[in-house]
Every structure is written in C-alpha cells, then in structure tokens.
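Reader: Please take one pocket of this model and examine its lining closely. I should also like the account to extend to the buried parts of the fold.

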Amino acid sequence: MVPNSERFCYGYGYSKTSYDWLSLGPEHWERIAEAELKRALGTQKIEKRPKNVVFFLGDGMGITTRIYKWQLYGQNGEEGSLFFEKFPHTYNDDAQVPDSAGTATAFLCGQKAALGVIGLNSNAKLDVCSTAAGNEMSSILEWAQEAGKTTGLVTTTRITHATPAGTYAYTPNRDWEYDGEIPAADRGRCKDIATQLIDSEPGKNIRVKSPSGWNDCCVQCQA
C-alpha cells in the first residue's frame, strides 16, 4: 500500500496521510494483536497469582511530564526517556496520529479501532450508528467481571471521556457522551456513553465509579 501525497484534516483536528487502510478488515488487526500477544507470552512470567490488578494509565502526558521526570534526578530532562517510549508506536486503523478513543480501545480490548470510535472493531465507522451493532469488542474490565472480580474505575477527567469510557462503552463517536449529542435519528438505535455506564453491561456492574470534572450531561441533569 503506497500513501499518496495528499494530506487532509480528519476528525478532531488531526492530520492524516490517506492510505488504503479502510479496505483492511478486522482480521488484519486480529493477526497483529495475535502476533503481539505471542511476543508478550514469550516474556518471563510472574508465577505468583496477584490478588488485585491496578491498570494505571497516564493519559495525555506531554513534553513537560517527560522533562520533569529527569529533572527530578538532577538532569536537564531532554536526554532521558520514559519507559513507555520503548513500547510499539500506536495508531488508529484509519489514521497515523491516534486519539484517546481508538487508543483506549486498543489497549483495553486488544484490537485497533477507527479514530473517534470506542469499543468497536474496524468494521465500525465514525459517526455511523448502524455500524455499531455486531461489532462490539469486550474489554479487560468485562473479562475481569466475567471472572468474578470486583471492578472499579477512577479518573481525573469525566467518566464519560474517551479514555475511561473505553472500559465499558461501545459507540461510533466519542462525543456521544449524553443523548443530546447523538443525532435525533440515531437516538433510538445507539445509546449514549452515560446511559451505557448506568444501565448496560459492563458499566452498570462497576462497583467503584470515581470521576472528576463536569460536562453538559451533568449540568443539564442539575437544571
């Protein structure tokens, strides 16, 4: 696949080089996920069974975080690197520069997703409600619940934001945090993220829900 020279603005203000990625189905990303899983399984195992698992994500860390870490050790900052910088680079299945929705889906569900899409495989398309049903992917939080574990979600942002929503929501648009953001014609077919948290699995089964921040959903509820 050869990229063309045209560059254009795509979704959420990100720039993207157009590839023939849209022709790649879920099977392509499944093969990539399986290869990465095989690599991970080759690492040395910790045999002792953990009592609890805390999945910690530093979302949105920029250059200031990277520099400050090394300044704490008396260095200038630019010469160091953080551990996660050694990880494979991430991207959406239809964009080189990813957003929180697609990356949350990747690290929580194990497969690539489209820009702006949460919890759905690469058959789902941004803003297209009809592509959601049947393309849902379960997350590590859901796997934990199925194993009889108690689950919790703690975040310093809105709990309906793309990153935390990746644990429990399935939506073709990360901005559909409450029903007022969903096009009127789609409101009966696609649930907003807040509703999924309250009355759908696995969201409704999350024991601890500790968010921060306010959005239009909460403001309208108070009104």
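**The lining of the second largest pocket**

Author: In this predicted model, helix H4 gives the most to the lining of the second largest pocket, with four residues. H4 spans residues 140–146, and it is one of the elements that each supply at least two lining residues, together with helix H3 (100–109), strand S3 (152–154) and helix H5 (162–165). The space within this pocket amounts to about 1,200 Å³. Its lining comprises 30 residues, and those nearest the centre are Val53, Val54, Phe55, Gly152 and Leu153. By character, the lining consists of 17 nonpolar, nine polar and four charged residues.

Leu153, one of the residues nearest the pocket centre, also belongs to the largest nonpolar core. That core has 12 residues in all, among them Ala101, Leu141, Ala162, Ala165 and Ala169. Two elements, H5 and helix H6 (193–199), give two or more residues to this core. A second, separate core contains 10 residues, including Ala124, Cys129, Tyr170 and Trp176.

Within the largest core, Ala169 and its partners Ile118 and Ile193 are all members. With residues up to four places away in sequence left aside, Ala169 touches Ile118, Gly119, Ile193 and Gln196.

Burial can also be followed along helix H2. In H2, residues 63–71, the buried positions include Arg66, Ile67 and Trp70. These residues lie on the same side of H2, because they cover an arc of only 90° around the axis. In general, an α-helix has 3.6 residues a turn, so residues three or four places apart point the same way.

Methods:
Residues are numbered from 1 along each chain as its sequence is written. This is a predicted model: local features need pLDDT of at least 70, side-chain atom pairs count only at pLDDT 80 or more; totals for chains, interfaces and linings use all residues. Side-chain values use heavy atoms; hydrogens and water are left out. On a 1 Å grid over the protein atoms alone, a cavity is a set of points where a 1.4 Å probe fits but cannot get out, and a pocket is an open set with protein on both sides within 12 Å along at least five of seven lines; lining residues have an atom within 4 Å of a point. Grid points are joined across faces, edges and corners, and a volume is the space filled by probe spheres set on the points. Ala, Val, Leu, Ile, Met, Phe, Trp, Tyr, Cys and Pro count as nonpolar, Asp, Glu, Lys and Arg as charged, and the others, Gly among them, as polar. A nonpolar core is a set of buried Ala, Val, Leu, Ile, Met, Phe, Trp, Tyr and Cys residues joined through side-chain atoms within 4.5 Å. Buried means under 20% relative accessible area, exposed over 50%, partly exposed in between (1.4 Å probe, protein chains only). Contact means heavy atoms within 4.5 Å. The arc is that of the directions from the helix axis to the C-beta atoms.
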